[in-house]
Amino acid sequence: MIDAFVYLTRTTLRNRFASQLRRLRNPRYAIALLLGVGYFWLILLRPAVQPGRASRLVWANAETLAALGILLLLLGPWVFKNERMALAFTPAEVQFLFTAPVTRRQLILYKLFRAQIVILLNALIWVFILRRSGSVLPALLRLVGTWMVFTNLSLHRLGAALVRTSLLEHGRAGIRRQLPAIAIGSAAFVAVLYILRDAVPAIRAAESAEEIGRAIEWAATTPAATALLFIPRIIVGPSFAQTATEWLRALGPALVLMLLQGLWVVRTDFAFEEAAAQASLERARRLEAWRRRTGRPRVRTTGKRRTIPLAPLGVPAAAIVWKNTLLMMRTGRLGSIAGLALMAVIISMPAIQSRGMDGRFVAIAALAMAGLLVVLGSRVLHNDLRQDAEHLETLKTLPLSGSRLVAAEVLSSALPIALLQLVLVAVAFVALLGDLAFPLDPGARSVVLVLMPVLLLAVNVTTTTIQNGASLLFPGWVRPAPLAGGGVEAMGQGILATAMLLITFVVALLPAVITFSVVALSVRGVLAYGWAIALLAAAGVLLLESWLVIHALGRRFERMEPSERG
Amino acid sequence: MIAVDSLTKLYGELTAVEDLSFTVAPGEVLGLVGPNGAGKTTTLRSIAGIIRPTRGTIRIAEHDLATHPVEAKRRLAFIPDEPHLFEYLTVEEHLRFTGRVYGVADASARIPVLLRELELADKERALPTELSRGMRQKLAIACGLLHEPAALVLDEPLTGLDPAGIRKMRATIAARARAGAAVILSSHLLHLVEELCTKLLVIHRGRAVAYGSIAEIVAERPQLAGLGLEDVFLALTGDVETPAT
């Protein structure tokens, strides 16, 4: 059976590589590849910078921070219901493997084997991204270390997914069987809360990066933290070794942990199989449950199904925004966005009441989050053509021009992101109400708040247009859902994609920045808040640029054939 | 009216459809038949606006699909063999969505009628994942019929339907044609084609091998006289020799 899995993986990879190569005959793909390679070549050719003071400081605390991050990632699968991704199989795998005389354990081994392709690729990307992080370890050793981190995380996620599935399907019996794992997970979660209770006041009181680092290190030395970070430190050990000897010493425990986790995954499955009372019936039911786990967000099929009214007449493209909003509602994304906004408001309430330094802290945090959403919002929320890629044929039969359809799809993502940012900006505004020492005077802050809806819409329409443009221009490269697993081990590709988005966004910003400068200089001294007009003009330029691009993308959509997605 | 003139579709070196011309007048039902890989689906998808022809023109109710796609598509309904539904919209919401996109002013009144006609009335709040294959097909058909299209293109419309559903669907297609719609029906169910279609277009390897009513096709080929449609089809597509009469 292993031979068959190896054959399937090998031929899939070979054919995929061949089809990507064939795609390069298309000038669009060839030029994009050249630009991408050129960009990375330039980065590689740039003389290496010696890590400075800040870099050394980050490195000194990096191991603890990484261990904390790993701890959260280990706890994640127990807290969040993401087993769907860990157990995701492609429809073809479901059709051929689930109906084949293959045991569940063999399927899991196959899953582990396939995950290694993603893990290896992303380990390479991470080593590349972090090549100037200050580590003196040879690249190959760092690669092995990173590979072990990702493999350990991947195994843990799969194990947790199996345990959760077992719990769901076996009720009390499942709980008894998985009691040790549940107890460890719960204890760890409680301990994390204790650490946070101790660490947060110290971090908030810190006035410099060094003090923040010291506060984190101090929090990590408490007995609860030491116990909790024991496993995460083993996982990150090889990656943070400074010499080959240290690396070798750290490798052993990490390797043992990896093997133990592998055994746990297989044993979990064994227990799962063994416990089935009516083996064949149960298996069919479980396979059906597995079949439903695809890579796309799951639509809730239970609970009250609320809807939004839609008038039969009006702008036809509004129906696209309407249906995408319903998708957000039914996959829980709208709830998540509203929850984030609500959380921002609730967290800021005490600060707003006190109007002291806490207010400034909240304001800066809210503004930082709003800023982060400029880049990450459109990367995370795919409520547009990227999500609708599978419905391309249906969309193409609709009596809508390509540009109107693309515009509606872009707005479906841009509007909710802008709305969330607007709430965050409003929170910052309120938090700073009593703070007269803040660099921006209260009058200017009010002007900014009034302009924000337009500015945020312009910025988010631009970033979402770039994302949708990529999926329309390079449908063979941009995929609507990850091929496997997901998780931090698949984040490397995401980071590269985000970097490309940033570069394109910066290029798109240039005309807007020039417009801002020209208008601001022209009205300086003439109007009290002349820069506000300049900001509006810049937003107008961004929207105009986006409209021109959307128009071009609309034509591309009309010409695009479903077979291009490959 | 559906008018196709010199339709050609190339995929690189491969010719999927070559120089295909035909018209379907209001009230007519054209049966599009051919063996697997003959180019039927390519033809239908070109007419539906999913793929762009390499050469040739397609006109729907006098609107050129290439130059006035929105106007042309507004008068067309395409019902594919595999229903592509939005998994997050309920049955009723699919119809409301279709109504808004096609600008159906009285959609609210038409929706319950269509749901009853297609036996989906008790499923109006169900998501596609909660429907059987046949019901999903019925929903796709309901969405196609909501805006009362002047041109109806159906690709294997009976796939997944139960016997009662098949009978109802046959009646629905006939009723739409009587109401003045130009219908193209692609199906391997030759008895259905024989029963419903006023004209036949047989294609093989991307080219038309016969076009006209069954009587006209047979009249042009005396060797086919007296044969059933299945034998006529097999003889035209050259898969078997014409049986001796």
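**View 1. The buried residues of helix α5 of chain B.** The buried residues of α5(B) are M135(B), Q137(B), K138(B), L139(B), A140(B), I141(B), A142(B), C143(B), G144(B) and L145(B), where a residue is called buried if 20 or more other C-beta atoms, placed from the backbone, lie within 10 Å of its own. The model is predicted, and local features need pLDDT of at least 70, side-chain atom pairs count only at pLDDT 80 or more, and totals for chains, interfaces and linings use all residues. Residues are numbered from 1 along each chain as its sequence is written, and chains are lettered from A in the order in which they are written. Because ten of the 13 residues of α5(B) are buried, this helix is largely enclosed by the rest of the structure. Its buried residues pack against β6, α3, α4, β7 and α6 of chain B, with contact meaning C-beta atoms, placed from the backbone, within 7 Å; helices (H or I, at least four residues) and strands (E, at least two) are DSSP runs, numbered from the N terminus.

**View 2. Strand β3 of chain B and the strands that pair with it.** Five of the five residues of β3(B), residues 29-33, are buried, so this strand is largely enclosed by the rest of the structure. V29(B), G31(B) and V33(B) point one way, whereas L30(B) and L32(B) point the other way. In a regular strand the side chains alternate between the two faces of the sheet. β3(B) pairs in the parallel sense over four bridges with β8(B), pairing being at least two DSSP bridges between two strands, and G31(B) stands opposite L185(B) there. With β9(B), β3(B) also pairs in the parallel sense over four bridges, and V202(B) is the bridge partner of V33(B).

Conventions. Buried ≥ 20, exposed ≤ 12 C-beta atoms within 10 Å, placed from the backbone. Contact = placed C-beta atoms within 7 Å.
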